[in-house]
Structure formats: C-alpha cells, structure tokens
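Hi,

Here is the structure I promised to pass on. Have it open while you read, and my notes on what turned up in it follow below.

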Amino acid sequence: MVNNNISSEEVDPKFRLMADSSPVLLWMAAIDARCIFFNKPWLEFTGRTMEQEIGFGWAEGIYFEDFRPTMDTFTLFFNKREAFSMEYRLRRQDGVFRWILDNGRPYFDTNNNFLGYLGSCVDISDLKASAELELKNARLEVEVSEREKSANALMKANQEITKAVDELAKTNEDLEAFAFAMSHNLQAPLITCINYVRFASKSDVKETEKKKWFAKIQSKLEDLEKIIESILKLSQVQKEQIINEEFDIAGLISSVKDDLKEEFRNCITCYFNDVQLVKSDKVLLRQVMLNILHNAVHYRHQSRSLVVTVTITSNQHHYEFCIADNGMGISKERLANIFRPFRRLKSSRHKGSGLGLFAVDKIIRRLGGHCWIKSDEELGNGTEVFFTLPK
Amino acid sequence: MNSRNSLWEKSRKLNWLTFDQTFFPSIPSGAEKLKVDWSQWEEPFKTSYFQYIKIQHSKELAVEGVRNAMQRINSSKQLSRQWLSTLKLHGALLPLAEFAAVIGNLRAARFAPDSAWRITAMFAALDELRHTQIPLRIFQHLVSKDSQFDWVHKFYHSNNWVAIAARHVFDEMLLAANPLEFAIATNFVFETGFTNLQFIGLSALAAETGDAMFEDMVSSMQTDEARHAQIGSAVIDLLDKDLPYVQKMVDKWFWRSWRLFAIATGFSIDYFTPVEHRKISFREFMEEWVLIQFQETLKQYGLKLPWYWELFLEELDYYHHMVYASAYSYRATTWFDFYLPGPQDEEWFMEKYPKSWPPFKPIWQQIRTQWEKADPNYDLGVHSSSIIGFCYLCQVILASGTPFKNNAIVEQTAGIGRVFCSEPCQKLFHDEPERYKNHLDIVNRVLIGEAPGNLMAMLTQYMGLNFDTWGKDSFQGVYPWVKRG
C-alpha cells in the first residue's frame, strides 16, 4: 500500500487561502481518516483551534446521541472510498448544538492513489427547524381539517337528530291523534250499534221497525269492519319492508283503475310525459294511488261528471305525481289537518275510514317523498293531490 | 550470634507493656475486636535494618546495571510489539499501586499491635517504595520513543476506566484497610496468592521473549514480595479462634484480586506473549502456581475454599478471553495496543482451552472480516463507539460468562438499578453497601453528566488519552491472515 499520508503542514497554501475564504465549513482528512485541516469558518464556528480539531479532535463536538451513527457512517464510506452525506449535531462556539449537513468525497492523485477525503458542511438548523415547522403546520392543518370534519359531522348529526326528534314528536303527536281518533271512530259505530240493539230489543217494536234497526246495525258494523280493515292495512304499511323495483307506471295505474267501479274508470286520464319506468315500492305506490283515486271518487261533485287527471313529471332528483279531480274540494280549515287520521269531509254521505290520506302521507314519507294538497272548496275547482318520489 | 544480632533479637519484640487504646485506637489498628495475644506474632524470615539495606543495595545495583545496559543497546526495539503491551499494562498498574501499598504498610508500621509486625511492615513499606521507583525508573527512557509509556506514571491520575477499577480495589485494600485486613488482603491473599507467583511466571515469560530488563525488574521485585508476604501468614497463625473473620476476608479479597489479576496476567500470558514463546497457558499457570499452593495454604490454616470456588474454576477457562475480546473492540479506551489473534493462536487456544475457545472463534473471525474491509491506516474503522455496561462493584466491563451465557445480574434496590457481572460481586456489594453505594463506574459518570457521552470527548477530555497514546491494534490490522482485496 502506498503511504500517501500528508500532514497538516503539507496542505497547499493556495488551497488554505481559498478554503478560508469560503462561506461553508471545509475539512480535509488524510488516508488514516484523521483530519488534517479545517478552514477558518469551521474554526470560527466551533470556537476551537486547529490543534484542538485536527486528528479526531473535531469529533468531540458531536452531540452524544449522533456520535455513533456519524462515526459508523464515516467509517463505512471511508472504507469503501465513497462519497457520503450525513447530518449530525455539532457544538457551536456558544455551546449550542447545530444541525450540520456534512458532505465528504474521497480524492485521488493522478495515479489514482487514494489521498484522503475533502468535505464541506453547512448549518442546516434553520432549514430543519423550518421543515419541522412545516411538518408541524401540515399536521396541525390535518388535525384542524379533521376537527372541522368532526364538527361538521357533529353538526349534521345534530341536525339529523333534531329532524328525527321533530319527526318523532310529530309521530308521537300523530299516534296520539290516531289513538284518540281511532278510539273515537271505533267507539262511534259501536255505540250506535248498541243503541240500535237496545231499540230493536224493546218488546213493543214492530217487526218492520226491527228490520230497519237491524239494517242500520249491519251498516254500522260494516263501517266498523272497514275502519278495522283500514287500520290493519295502515299497520301493514308501517311494517312492510320497502322493496325498490323498477316497474311500468302506466301498468300500475291501469291496475288501480281496475279496482274502481267501471263507471269511474274512464273518468281518469293519465299524462306520463315520457315517464315510463319508476323505481319505487310498487305495492305501496299502488295503495297510494288507490287511496287518492278512491277519495276522488268519494268526494266527486254531485252536479258534474267526475274528471280525474293523473300527471307524472320527473327531474334529476325525483318524480312528481299530481292527481287532480273536479270534485267538491277541501275547505281551508280542513286542509290544514287533511293528513291527520280520521279526517273526513262529509261524514254522513261519504263513507270512508278517514285514514286514506293519512296512509298516503305515511307511505310517501316512508318512500322518501312528501305530499301536499291544493284545494279550495269556495272556488269549487276540485282538489289537486301532489306527491314526490325520489329517484 | 554476634552482639548486633542478639540485640536485634531483643529489640524487635520491644513492645508497649499494655495495648493502650490511646496509642492504638481501634479503627486504624483494627485489632480491638479480636482477643489475640499479639506478642506471639512471629515472622518466619527475620531481618535487621542493617541486613535489609545491604541486601536491597545489591539488588538495586543489579537492576540499575541491567537498565543501563538495556538502554544503551536500545533493547526495546528488539522486543515484539505484542510484548510491549505487557510492559505498558504492568508498567502502568504497578508503580502507584505499590505506592499505595507503602501507605498501607506504613499504617501497619504505626498501628499493628505487635512490634515485630510493625518493624516488618516498615521494611515492607520500604520494599513497596522500591517497587514504586523501579518501574518508573525502568520505563522512563522509553517515553521519548513511545508516548504510551507516559502512562506508567499518568495512569492512576487519570479517569481511564481501568484506573477507576484499579483504584476501586487498591484504595480499599491498601489505603483504607486497617493492619489486620491489610495483612490478610494484601500480604496473604494478593501477595502470597497472586503477585508473588505472578512475578515468577512473568519473569519466565520475559526471559522467553528476550526482555532481560523486564525479567530482571520483576524477579527483583519478587524477592521482596517473598519476604513481606509472610506478614499475612504470621497474622493468620494467631487468628485460629477467629476463622470466620479470616474466611470472610479471604473470600472477599481473593475474588477482588482475581478480577484484576485475570486481566493483567491473563492478557500478558495468553495474548501479549507471541504464540511461539508461550510455554503454558494462563489457566495452566494459575493451576500450577496459584491454585495448588493456595488450596494447600488454606487447608493449613483451617480455612475453606471460598464459596464461589466452582465459578472461579469455570472462569479460569473464559473470563480473561471475554475481557480481552471486549477490550479489543474498545482498545482506544486503554493506553496500550491489542494484538489480533490469528490461525496459529487459534490452534494454540483450541489445544489449551478446548471447552471454552470455540464460542470465541466466530467473534475473532468477525473482527478479522471487518479488518479485511477496513483501511489499515484507520484503526477506528474497526472499533466500537457505543458505551457498554460495567459491573457496579468491580467496575470492570461486564464479561462474566460466555458468549452464550451471561452471568450478569440486574437488580433494583430502593429505586436504584444496579448491574453486577457475577454473584460474588453482587454479594460483596450487599455485604458492605454503605462502602460501595456511591462508587461510580465510567457509565454512571456519563449518566450523571460528569463524563461526556461522546466517545471521542470521553477519550480525550475525560480519560486524558490522545491519538498517540490511545490503544490501537498492535500491527494496525496488517497481518498475513487478514486478506484484503
């Protein structure tokens, strides 16, 4: 092995001059890895003399935690004669440890004999601090964004809870009203029946009178049966699982028309506006259409023929159904509670459970849509029942 | 008998009529607790002052003569670089330890309960003074040739970890012990058991390697040791009714001496002596020169073998190998160079330590492989840099056990964690916790901020080493068996 170990004194004076003028910290090591030269900026940085730094003296200033990785890196690359770059903390002349980026390269003579290493160092503490700050900021931003998301989610959840509470309150209200109305509507025909039975049981009632009373009783019992049937149907509406499927809306309306009396089937005209297929619960929607058309039939105007138009439109978000009739219409007073259970318009002539629109409203809301009615009895223009179904 | 001798016979036993507490307070004398008739104290080998100085004078002339001759021919140049480490190691361990022995002997010269004992102790103090001066004088001319020899004097003044461990033993044995404990610890255990025969063995080794100067130095010192080591046996002779006390002292000091002795002599015999000059192994030396004689001596005085004897016998096989391998990896922390064992050494080790050597083979192979990749000019390229563990008691690196079985014991007592290299060290600590609890090995000094954690700063600023003096590989990693690409 060629012994090219040069000493500190043999460092070229021109190189020294140039190195001392450099703004970066420079060092030179000989083939035995001992440092033989440090430039002026280095010595000013460490506040030590050349005699203190040369050899391995410079390593005394390495922060103790960085000592091993630094020496390991230096040794590894020195033995391989490869360039290296490493970061470590070095003590500045004021005692503060500063992060240094140290780059070393081997150098050779013209015969390719290894002569040692040249290295340069820069103080990267501010850069590191800034990078750390950036990282901290980025982390903070992520945290803030996550907190914002959480806050938004919380707000949304609160809104949903509020909505659910409102709905629950309305449901409770409805239930109360329903229960009240139900008990009233069940009680009324029962009481009537009881009274009729009492009348019919009197000994002095003629047979013809008895037949009349029995006919009335039968009628009331039939009413009761209808009410109970409606309630059962309504309860099924609440319980049944929604089955979303695509179906031909024209076919559905046609089947609903078939349930009506023949005389009224041709009174219904449909305008589909290119809506052919609807995706929703077919069974429930049929019930809705049936209830609305039944009402149209029940509450037709006495002095004119029934005309019902069914118009379906659609936009990006939902279908809109409008069932318009030329019937009696609904007074403003009754319109306000029209979707409440057991709200019938003319109780004596117009037989019905009073649950039809209540069921319509319930079903449409279950299907994700909403329902409203336009009508004015005074104007005598009939009633328009609107409902939407989401797409 | 001539009149001088007959006067001497009478005067050596001139004693105080009563053993008065005023002149012999209990702590320095240590004899109050034991009810012994110290007037019966008799040393086998008596000498008068006149005889003493006459004999010593002739020894000095001989040593000086050899030293001058060796200096003229520059004999150190002919010595193997390997062997030079023996000189540096012993050269540093001896002088100021011997000086501490001067102080210990002078305490005995003042406070020993018998006049003959006091006189013998005085001669022993003079012996030890000589043993201080000889290595300082012998090695002084080598400082200009090799700055590591500066550590012959500097060593005990430094915070080198070996010095911390050595002071830990010698301060207690030589500076703090009362004459009774000093006699058992130093004269009986250390000198009779170890150094007396160590010097014989070392002297023989030195002769083998052609080191006439060292040979003469140690054999001259050994003649003094033989004389004043007898103080120990003379004291134990009278303690037949206090054998438990003697046993406790023997157990303690044998173990503590063994730790240092294994390093100094183990390294010298098995590693620093070139393989072609090794006649016996360290284990064989211990068995022949120390164990047999020591066991016979204990039997003679009605003493038992120390309770850890089996562990000690096991350690003969591997302890010094473990310490050497560890110390090689941290050689810059010492002031002498380390030899890298090669194939011939391995053959020899396999022959001498067939049971314990195999686990060490891969360790040395790993180090050789590192040298093959490293630059021979860059000694630190094959060197460790992280701090390792030390025993809280003996303050030597944790090396008890084999590469596969670590004997170290970790314990937590009163919220303080301590690590001991072995059970005997742990027991010694707990026998006298107040004595040892504030001692700090090098690692604990780093942890409390007294010593720097940066290795380079520790070597230069704390241990007082520099590039020229810190330990390196004896041949800079250039060996025929280290194949580089």
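In chain A, A:Glu143 and A:Arg147 are joined by a salt bridge, with 3.0 Å between the closest N and O atoms. Both of these residues sit in helix H5 of chain A (residues 125-201), and they are 4 residues apart, about one turn of the helix. Do keep in mind that this is a predicted model, as that goes for everything else in this email. If you search the whole structure, you get 44 salt bridges over all chains, so to speak of just one pair is to pick a single example out of that count.

While you are in chain A, have a look at A:Lys210, which belongs to helix H6 (residues 207-239). Its C-alpha atom is 5.1 Å from the C-alpha atom of A:Ala200, and the two residues are 10 apart along the chain. Leaving aside residues up to four places away in sequence, A:Lys210 touches A:Ala200, A:Lys202 and A:Val205.

Next, the place where the two chains meet. How many residues are in contact on each side? There are 19 from chain B and 22 from chain A. People often give the size of an interface as the accessible area that is lost when the parts come together. Between chain B and chain A the buried area comes to about 1700 Å², and carbon and sulfur atoms give 58% of that.

Which residues make the salt bridge here? The count between chain B and chain A is 1 salt bridge, and A:Arg81 forms a salt bridge with B:Asp375, where the closest N and O atoms are 2.7 Å apart. There are also 9 residue pairs in polar contact between chain B and chain A, counting pairs with both residues at pLDDT 80 or more. On the side of chain B that touches chain A, helix H20 (residues 455-462) of chain B gives the largest share, with 5 residues. Sorted by class, that side of chain B has 9 nonpolar, 8 polar and 2 charged residues.

Now for a pocket that both chains help to line. The second largest pocket holds about 630 Å³ of space. It is lined by 25 residues, and the closest to its centre are A:Thr75, B:Gln370, B:Gly381, B:Val382 and B:His383. Which helix supplies the largest share of this pocket's lining? That is H4 of chain A, with 8 residues. Helix H4 of chain A (64-80) is joined by helices H14 (309-329), H16 (361-373) and H20 of chain B, and each of them supplies at least two lining residues. The lining of this pocket divides into 11 nonpolar, 10 polar and 4 charged residues.

Last, the cavities. The whole structure has 7 of them at 30 Å³ or more. The largest has about 310 Å³ of space. Of its 22 lining residues, B:Leu94, B:Glu98, B:Phe170, B:Phe190 and B:Thr195 are the closest to the centre. Several helices of chain B supply at least two residues each to this lining: H4 (81-93), H5 (95-111), H8 (161-176), H9 (179-209) and H12 (243-272). Among these, H9 of chain B gives the largest share, 6 residues. The lining of the largest cavity has 12 nonpolar, 6 polar and 4 charged residues.

The second largest cavity has a volume of about 170 Å³. It has 14 lining residues, and the closest to its centre are B:Tyr330, B:Thr333, B:Ile388, B:Phe390 and B:Ile442. How does this lining split by class? It has 11 nonpolar residues, 3 polar ones and no charged ones.

Over to you, and have fun looking around!

Definitions and conventions: Residues are numbered from 1 along each chain as its sequence is written. Chains are lettered from A and ligands numbered from 1 in the order in which they are written. This is a predicted model: local features need pLDDT of at least 70, side-chain atom pairs count only at pLDDT 80 or more; totals for chains, interfaces and linings use all residues. Side-chain values use heavy atoms; hydrogens and water are left out. On a 1 Å grid over the protein atoms alone, a cavity is a set of points where a 1.4 Å probe fits but cannot get out, and a pocket is an open set with protein on both sides within 12 Å along at least five of seven lines; lining residues have an atom within 4 Å of a point. Grid points are joined across faces, edges and corners, and a volume is the space filled by probe spheres set on the points. Ala, Val, Leu, Ile, Met, Phe, Trp, Tyr, Cys and Pro count as nonpolar, Asp, Glu, Lys and Arg as charged, and the others, Gly among them, as polar. Contact means heavy atoms within 4.5 Å. Buried area is the accessible area (1.4 Å probe) that two parts lose on being put together, summed over both. A salt bridge is a side-chain nitrogen of Lys or Arg within 4 Å of a carboxyl oxygen of Asp or Glu. A polar contact is a pair of N or O atoms within 3.5 Å; within protein, one must be able to donate a hydrogen and the other to accept it, and residues adjacent in sequence count only if both atoms are side-chain atoms.
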